[in-house]
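Student: Could you take one part of this model and go through it closely, contact by contact? I'd like a single connected account.

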Amino acid sequence: MLLASSLNSLKISNPFLHGITLSKPSPIPPPSLSRPSFMPPIRALKSMQGKVVCSTSNKTVAVEVTRLAPHPKYKRRVRKKKKYQAHDEDNQFKVGDIVQLLKSRPISKTKAFVAMPVQVRKKNKEKKEESEGSQDGVAQELGIPLESQQGEELQA
């Protein structure tokens, strides 16, 4: 009782004691979600490229996508592999094919990508062979033997 009467006599003027709050500060407006016109749109995870590792299921292929990511401790780029299930309507892909995965609506519990064919790039050796073959064709058209052919003609 004494304690309560001594507290009442103190008359502490703190607004928080009586449940009164001060006026709320004006909230900071959220950043605008629109992007500036000069910035390209972010197209994260819309398409990926990988290799078919399993095609035994009907209209479904398992595609392994390899990406490079920095190691958390050593910061060296390491290969990370992940398998995705993709829709293959015509069962046209075989194991080892390179495909492009396009994001789509969920087709089943695990399938949210559609597999599309990708044209395989030629390797450097094939490019060099083609360029050498085209040089032979030009030399035959002109009737002029190449230096490599001249040595063969001299020996014969």
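**A close look at the loops**

Tutor: Let's start with a polar contact: the side chains of Asn58 and Asn91 meet at 2.9 Å. (The term covers N or O atoms within 3.5 Å; within protein, one must be able to donate a hydrogen and the other to accept it, and residues adjacent in sequence count only if both atoms are side-chain atoms.) Keep in mind that this is a predicted model, where local features need pLDDT of at least 70, side-chain atom pairs count only at pLDDT 80 or more, and totals for chains, interfaces and linings use all residues. Numbering runs from 1 along each chain as its sequence is written, and side-chain values use heavy atoms, with hydrogens and water left out.

So where does Asn58 sit? Asn58 belongs to the loop between β1 and β2; strands here are DSSP runs of E, at least two residues long, numbered from the N terminus. With a relative accessible area of 57%, Asn58 is exposed (over 50%; buried is under 20%, partly exposed in between, using a 1.4 Å probe and protein chains only). Asp88 lies 30 residues from Asn58 in sequence, yet their C-alpha atoms are 8.2 Å apart.

Lys59 is in the loop between β1 (47–54) and β2 (60–70), and it forms a salt bridge with Glu89. The closest N and O atoms of that pair are 3.2 Å apart, inside the rule of a side-chain nitrogen of Lys or Arg within 4 Å of a carboxyl oxygen of Asp or Glu. Searching the whole structure turns up one salt bridge. Glu89 belongs to the loop between β3 (77–87) and β4 (98–103), so the pair links distant parts of the chain, 30 residues apart. Both partners are partly exposed: Glu89 at 46%, Lys59 at 32%.

Now follow β3 to the rings. The count comes to one aromatic pair, meaning ring centres of Phe, Tyr or Trp (its six-membered ring) within 6.5 Å, with planes under 30 degrees apart called stacked, over 60 edge-to-face and the rest tilted. Tyr84 and Phe113 are edge-to-face, 5.3 Å centre to centre with 70° between the planes. Tyr84 is in strand β3 and Phe113 in strand β5 (residues 111–117), 29 residues apart, so this pair also links distant parts of the chain. Here the setting is buried: Tyr84 has 17% relative accessibility and Phe113 has 6%. The salt-bridge partners Glu89 and Lys59, by contrast, are partly exposed.

How values were computed: Helix = DSSP H or I, 4+ residues; strand = E, 2+ residues; numbered from the N terminus.
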